[in-house]
Amino acid sequence: MLIAADKFKGSLTAVQVAERVAAGLRRVAPRVEVEALPVADGGDGTVAAAVAAGFERREVRVTGPLGDEVSAAYALRDGTAVVEMAEASGLQRLPDGVFAPLTATTYGSGELIRTALDAGARTIVFGVGGSATTDGGAGMLAALGARFLDADGEPVAPGGGGLRGLASADLSGLDARLADVDVVLASDVDNPLTGPTGAPAVYGPQKGASPEDVATLDAALGHYAKVLEKTVGPRAAEYAQSPGAGAAGGIGYGALVGLGASFRPGIEVMLDVLGFAPALERAALVITGEGSLDEQTLHGKAPAGVAAAARAAGKEVVAVCGRLALRPEALGKAGIRRAYALTDVEPDVARCIAEAGPILETVAERIGRDFLV
């Protein structure tokens with residue numbers, strides 16, 4: 001039995017999900033062999049999943065999205081670093097109710113990458129998602145040695161709003177070690193940088209951006225790409241339309257243009273990094289899941305990635321979730337035989353969130369009775 005589930009956001013970490021499912025299964029089948037491999041798709045929780053898989057957790061002080069200092073972690077093992085931009089520049093780093101759509105910076109994400117380089121990383125898995133920022137990765141690149149200047153030759157103000165005044169960009173000072181490091185951009189988002197499906201339009205509102213802010217940010221990022229085109233050539237314009245460029249407020253674009261990153265769906269990258277394939281070989285049944293199984297799940301989220309890999313290996317998959325919003329036929333197409341929701345046990349959503357652990361154990365007992373007894 002392999003438990004490869006993501007977090008239940010706001011209730012349980014991926015590690016806690018695995019612990020609760022295992023506990024419920026063992027109530028029904030005390031001798032069942034359970035292997036836990038918490039997973040993530042590149043967004044918040046990615047470092048925790050890597051640590052659970054045996055990576056070393058390293059904590060450093062970096063610049064938060066508002067410019068203040070925060071503690072952020074990355075994970076390291078055998079020359080591979082897992083860096084999660086949300087650790088430094090995520091919504092989780094903002095005080096409750098505080099947003100800064102025009103000024104939030106990814107500078108701390110660049111500092112995290114630099115720290116990973118200092119630690120000797122030869123491969124950097126850069127998980128992006130859950131960002132508080134829409135600065136196109138300019139802050140990240142600045143932390144790594146790039147210069148973004150206004151017409152007076154002064155550094156532009158932090159955040160996407162500051163890019164409106166960008167007159168020139170100089171990437172020649174980027175950390176030379178990046179040329180010898182394999183940077184993988186791991187994301188479940190394939191949006192371009194700008195336009196109707198770009199970073200500001202689609203994700204700006206959840207970061208506190210008003211319609212006017214969205215228009216400002218979209219224009220600023222478009223201008224940013226044009227200035228970079230003068231610096232690095234036509235590929236800057238091509239990357240702006242590439243899948244993943246719009247990830248995490250456009251930090252994907254900064255990674256593609258400045259770090260030489262290659263884009264891969266986050267869950268695919270993380271399954272490789274976490275050692276999913278050998279664990280899958282040992283499993284007779286796979287249990288995956290996340291807080292809400294819905295249409296978004298089918299577009300690159302962790303449970304869909306786990307189910308696809310398991311189906312390719314001929315393994316049966318069931319899912320656990322807090323809330324189920326997919327019909328059985330959609331689950332079947334995704335490779336999930338059946339889904340078990342907390343709301344099947346406790347219809348009150350507020351109680352499901354507050355008491356997710358015990359309820360999930362009850363759900364796991366049902367799985368045990370259906371598949372193990």
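This is a short talk on the fold, the pockets and a few single residues of one protein chain.

Keep in mind that the model is predicted. Let's start with the overall fold. The protein chain has 16 helices and 13 strands. Its radius of gyration is 21 Å, close to the 21 Å that the globule rule gives for 373 residues, so the chain is as compact as a globular protein of that length. Along the principal axes, the C-alpha trace spans about 75 × 45 × 35 Å.

How much of the chain is buried? Buried residues make up 55% of the 373. The accessible surface comes to about 15000 Å². Carbon and sulfur atoms hold 50% of that surface. Now contacts. Take those between residues at least 6 apart in sequence: 71% of them join residues at least 24 apart.

Next, the pockets. The largest pocket holds about 1100 Å³ of space. Its lining counts 44 residues. Which of them lie nearest the centre? Those are Asp 41, Asp 188, Glu 290, Gln 296 and Lys 301. Several elements give two or more residues to this lining. The helices are H9 (247-258), H14 (342-345) and H15 (349-354). The strands are S10 (262-265), S11 (285-293) and S12 (316-324). By type, the lining of the largest pocket divides into 14 nonpolar, 18 polar and twelve charged residues.

On to the second largest pocket. Here the space is about 360 Å³. The lining has 25 residues, and the closest to the centre are Lys 7, Thr 13, Asp 44, Gly 45 and Ala 48. Two helices, H1 (14-28) and H2 (46-52), each give two or more residues to it. Which element gives the most? That is H2, with four residues. The lining of the second largest pocket divides into twelve nonpolar, five polar and eight charged residues.

Now look at one helix, H12, residues 302-312. Its buried residues are Ala 302, Pro 303, Ala 304, Gly 305, Val 306, Ala 307 and Ala 310. What do they pack against? Two helices and two strands: H10 (266-274), H11 (276-282), S11 and S12. Strands S11 and S12 have come up before, in the lining of the largest pocket. After H12 comes Gly 314, with a positive phi near 75°.

Two other residues have a positive phi without being glycine. One is Asp 78, at about 50°. Asp 78 sits in the loop between strand S4 (69-77) and strand S5 (80-84). Is Asp 78 buried or exposed? Its relative accessibility is 76%, so Asp 78 counts as exposed. The other is Ala 248, also with a phi of about 50°. Ala 248 is found in helix H9. Ala 248 has a relative accessibility of 10%, so this residue counts as buried. Helix H9, remember, helps line the largest pocket.

One last residue: Asp 344, in helix H14. With a relative accessible area of 48%, Asp 344 is partly exposed. Why not exposed? Because exposed means over 50%. How far is Asp 344 from Lys 226? In sequence, 118 residues separate the two. In space, they are 52 Å apart, C-alpha to C-alpha.

To recap the pockets: about 1100 Å³ in the largest, and about 360 Å³ in the second largest. Thanks, and over to the group.

Technical notes: Residues numbered from 1 in each chain as written. Predicted model: local features only at pLDDT ≥ 70, side-chain atom pairs only at ≥ 80, totals over all residues. Heavy atoms only, no water. 1 Å grid on protein atoms, 1.4 Å probe; cavity = no way out; pocket = protein on both sides within 12 Å on 5 of 7 lines; lining within 4 Å. Points joined across faces, edges and corners; volume = space filled by probe spheres on them. Nonpolar A, V, L, I, M, F, W, Y, C, P; charged D, E, K, R; others polar. Rg over C-alpha atoms; globule rule 2.2 N^0.38 Å. Buried < 20%, exposed > 50% of the residue type's maximum accessible area, 1.4 Å probe, protein only. Contact = heavy atoms within 4.5 Å. Areas by Shrake-Rupley, 256 points an atom, 1.4 Å probe, with all protein chains shown as cover.
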